[in-house]
Amino acid sequence: MFIDISTYVGHWPFRNLKYNTLSGLDDLAGRYGITHMVVANVNGFFYKDANTANTELLEELSAYNGKTVFLPMAIVNPTYPGWEKDARDMIKAGFAGFELAPIYHGYSLSPEMLFDEYSLKHRALEVINLAEELGVPVRICAGFENFRGRSALDNYNNINGDDYFSLLSKNEKVHVFATSFSPLAAGENFKKLLETRKNTYFDTTQFETLGNKAAENTMKIIDSSQLCFGSLSPFNYMEANLLRMEFTSGFDADKMKINAARAFKLK
């Protein structure tokens with residue numbers, strides 16, 4: 001088993017993507033021995049109703065006949081009316097978990113952060129709590145592009161460690177994937193939480209592994225069970241993150257390939 005925890009289908013408005021279909025991802029996976037891919041439809045980051053993207057992914061999955069096992073994540077926008085019913089329906093339809101995109105949907109992860117009266121009841125914590133009820137994991141995407149080289153039309157925000165801490169300290173039971181986020185960027189509170197919250201996972205996309213010092217510093221924050229392989233395909237080159245995985249000092253590459261299995265209850 002070899003699991004890639006961060007892949008996407010769909011279109012990105014700021015540049016042309018390749019391999020942004022299930023068949024394209026399947027081709028990549030086949031080249032590198034990847035057996036499972038955790039996937040969401042990035043269109044849901046931009047649709048007013050994110051669930052439309054989930055139904056698009058369902059249609060693509062129904063026509064897919066490749067070898068890679070896809071674990072679909074339903075994109076949930078907790079500021080959209082009726083999101084909970086849609087989220088429940090997607091799990092019933094076979095989705096493996098939920099995806100949050102706070103940067104592109106315009107809300108904070110922090111349960112204490114309130115924007116206006118309309119959004120008082122629409123918080124990320126409600127999605128986390130629903131995930132606990134349904135027994136599924138949550139993936140939180142911290143972004144796709146290096147903001148220094150982004151399109152001028154792209155969103156320019158970051159999720160900080162304190163926001164993660166505020167959310168995850170309220171519910172420590174759900175398996176959460178913090179993708180495209182470096183453990184080294186965690187705030188002091190979040191670092192302390194990670195000592196006990198072992199069901200928080202990070203991918204390799206923001207991990208500077210070619211320097212041993214960076215690896216040593218990361219190992220002070222998380223352990224080998226919390227680092228997973230993630231390619232961020234099709235936004236990144238697969239080879240770059242394979243190299244990060246193989247040359248990460250102190251972490252077991254074989255374990256990185258399967259650490260996510262427990263969150264998805266894979267044998």
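**Exercise 1. The end of helix H5**

Task: Determine which residue follows H5 and what the sign of its phi is.

Solution.
Step 1. Glycine 135 comes directly after H5, and its phi is positive, near 75 degrees. The model examined here and in the later exercises is a predicted one.
Step 2. Next, consider the helix itself. H5 comprises residues 124-134 and lies across three strands, namely E4 (97-100), E5 (138-141) and E6 (176-179). Its direction makes an angle of about 170 degrees with that of E4.
Step 3. Finally, consider the side chains. Ala124, Leu125, Val127, Ile128, Leu130 and Ala131 are the buried residues of H5. The elements that cover them include the helices H3 and H6 (161-168) and the strands E4, E5 and E6.

**Exercise 2. The two sides of helix H3**

Task: State which residues of H3 are buried and explain why they lie on the same side of the helix.

Solution.
Step 1. H3 spans residues 83-92, and its buried residues are Trp83, Asp86, Ala87, Met90 and Ile91.
Step 2. Around the helix axis these residues cover an arc of only 135 degrees, and therefore they are on the same side of H3.
Step 3. The face turned away from this buried side carries Lys85 and Lys92, which are exposed.
Step 4. The packing partners of the buried residues are helix H2 (51-63), strand E3 (69-75), E4 and H5.
Step 5. After H3 comes glycine 94, with a positive phi near 115 degrees.

**Exercise 3. The sheet and its edge strand E1**

Task: Describe the order of the strands in the sheet, and decide whether E1 is largely enclosed or open to the outside.

Solution.
Step 1. The chain has seven strands, alongside 10 helices.
Step 2. Seven strands form an open sheet in the order E1-E2-E3-E4-E5-E6-E7, and their pairing is parallel. E1 (3-9) and E7 (200-202) are the edge strands, each of which pairs on one side only. From one strand to the next, the twist averages 30 degrees.
Step 3. E1 is joined to E2 (residues 36-41) by five bridges in the parallel sense. Within this pair, tyrosine 8 has alanine 40 as its bridge partner, while threonine 7 is partnered by valine 39.
Step 4. Seven of the seven residues of E1 are buried, and therefore this strand is largely enclosed by the rest of the structure.

**Exercise 4. Classifying four residues**

Task: Classify threonine 205, asparagine 189, leucine 232 and lysine 265 as buried, partly exposed or exposed.

Solution.
Step 1. The cut-offs are needed here: a residue is buried under 20% relative accessible area, exposed over 50%, and partly exposed in between.
Step 2. Threonine 205 has 5% relative accessibility, so this residue is buried. Its place is in the loop between E7 and helix H8 (212-219). Beyond its neighbours within four places in sequence, threonine 205 is in contact with several residues, among them Ser6, Ser180, Leu232 and Arg244.
Step 3. Asparagine 189, in helix H7 (residues 188-194), has 44% relative accessibility and so counts as partly exposed. Residues up to four places away in sequence being left aside, asparagine 189 touches Asp162 and Phe165.
Step 4. Leucine 232 is located in the loop between H8 and H9. The relative accessible area of leucine 232 is 1%, so this residue is buried. Its phi is near 50 degrees, a positive value in a residue other than glycine.
Step 5. Lysine 265 belongs to the segment after helix H10 (253-258). With a relative accessible area of 63%, lysine 265 is exposed. Its phi is also positive, near 55 degrees.

**Exercise 5. An unusual peptide bond and the overall form**

Task: Identify the form of the peptide bond from serine 233 to proline 234, and test the chain against the rule for a compact globule.

Solution.
Step 1. The bond from serine 233 to proline 234 has an omega near 5 degrees and is cis. Proline 234 is in the loop between H8 and helix H9 (238-246).
Step 2. For 267 residues, a compact globule would have a radius of gyration near 18 Å; the chain has 17 Å, so the two agree.
Step 3. Of the 267 residues, 55% count as buried.
Step 4. Among contacts in the chain with a separation of 6 or more, 78% are between residues 24 or more positions apart.

Terms used
Residues numbered from 1 in each chain as written. Predicted model: local features only at pLDDT ≥ 70, side-chain atom pairs only at ≥ 80, totals over all residues. Heavy atoms only, no water. Pairing = 2+ DSSP bridges. Helix = DSSP H or I, 4+ residues; strand = E, 2+ residues; numbered from the N terminus. Axes fitted to C-alpha atoms, helices over the stretch in contact; angles between N-to-C directions. Contact = heavy atoms within 4.5 Å. Rg over C-alpha atoms; globule rule 2.2 N^0.38 Å. Buried < 20%, exposed > 50% of the residue type's maximum accessible area, 1.4 Å probe, protein only. Arc of directions from axis to C-beta.
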